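Trainee: Got a minute to go through some helix packing with me? I'd like to know where the labels come from.

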Amino acid sequence: MAATINTPARHTAAGKNPVDYVWAIARISIGWVFLWAFLDKTFGWGFATPANRAWIEGGSPTTGFLKGTGENALGGFFSALAGQAWVDWLFMAGLLGIGAALVLGVGTRIAAATGTLMLVVMWAAELPLANNPFMDDHIIYAIVLIGLALANAGTTLGLGNLPLVQRSPYLK
């Protein structure tokens, strides 16, 4: 039987464990993914959204993705949502709120929960998946978001240590 040796984690001068910085970088990175999607869909900077299909030009940020789900298992439901103003506004508010919260490290738990919900809905819209029976990047991002919430990732390289945030559980 092999013996297990537990070694203490090394801490930085600020009292942080190096894994705290890994979670913080993951938090900021995934936050940027959400925030960038909001910015590109709003202004049509030509990465995923051409300028003529930008939200500020009257384009619908949900139509391309949702219309493309028509032949999927839940395609009828999701295709019917495509281009509806309330869906566009809810989606864009989610991208902005989740992205900003994660980048800043405030409201990380709420952002993780709502981001996970958004990602699972997007995953469901793509069922059945083309390359795997059930796993794709939406599920991986959702798992990481749950990890961010559990790791209290807003306190490292973020505003999660502010007294107001520490006193208000919903801001953590």
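**Helix packing, label by label**

Mentor: Sure, and keep in mind that this is a predicted model. Let's start with H5, whose buried residues are Thr108, Ala111, Ala112, Gly115, Thr116, Met118, Leu119, Trp123, Ala124 and Ala125.

Trainee: What makes those residues of H5 count as buried?

Mentor: Buried means under 20% relative accessible area. The cover over the buried residues of H5 includes H1, H2, H3, H4 and H6.

Trainee: What is the reach of H5 against the expected span?

Mentor: H5 has 18 residues, and its first and last C-alpha atoms are 25 Å apart, close to the expected 26 Å at 1.5 Å a residue. H1 agrees with expectation too: 26 residues should span 38 Å, and the end C-alpha atoms are 37 Å apart.

Trainee: Why are H1 and H6 called oblique to each other?

Mentor: Their axes cross at roughly 130 degrees. Over 145 would be roughly antiparallel and 65 to 115 roughly perpendicular, with the rest oblique, so H1 and H6 are oblique. The axes come within 10 Å, and the crossing is left-handed.

Trainee: Which residues meet there?

Mentor: From H1, Trp23, Ala26, Arg27, Ile30, Val33 and Phe34 meet Tyr141, Val144, Leu145, Gly147 and Leu148 of H6. That contact divides into nine nonpolar residues, one polar and one charged.

Trainee: What makes one of them polar?

Mentor: Gly counts as polar in this scheme, and Gly147 of H6 is in the contact. Arg counts as charged, and Arg27 of H1 is there too. Arg27 is also among the buried residues of H1.

Conventions: Residues numbered from 1 in each chain as written. Predicted model: local features only at pLDDT ≥ 70, side-chain atom pairs only at ≥ 80, totals over all residues. Heavy atoms only, no water. Axes fitted to C-alpha atoms, helices over the stretch in contact; angles between N-to-C directions. Helix = DSSP H or I, 4+ residues; strand = E, 2+ residues; numbered from the N terminus. Parallel < 35°, antiparallel > 145°, perpendicular 65-115°, else oblique. Left-handed = near helix turned anticlockwise from the far one by under 90°. Contact = heavy atoms within 4.5 Å. Expected span 1.5 Å × (residues − 1). Buried < 20%, exposed > 50% of the residue type's maximum accessible area, 1.4 Å probe, protein only.
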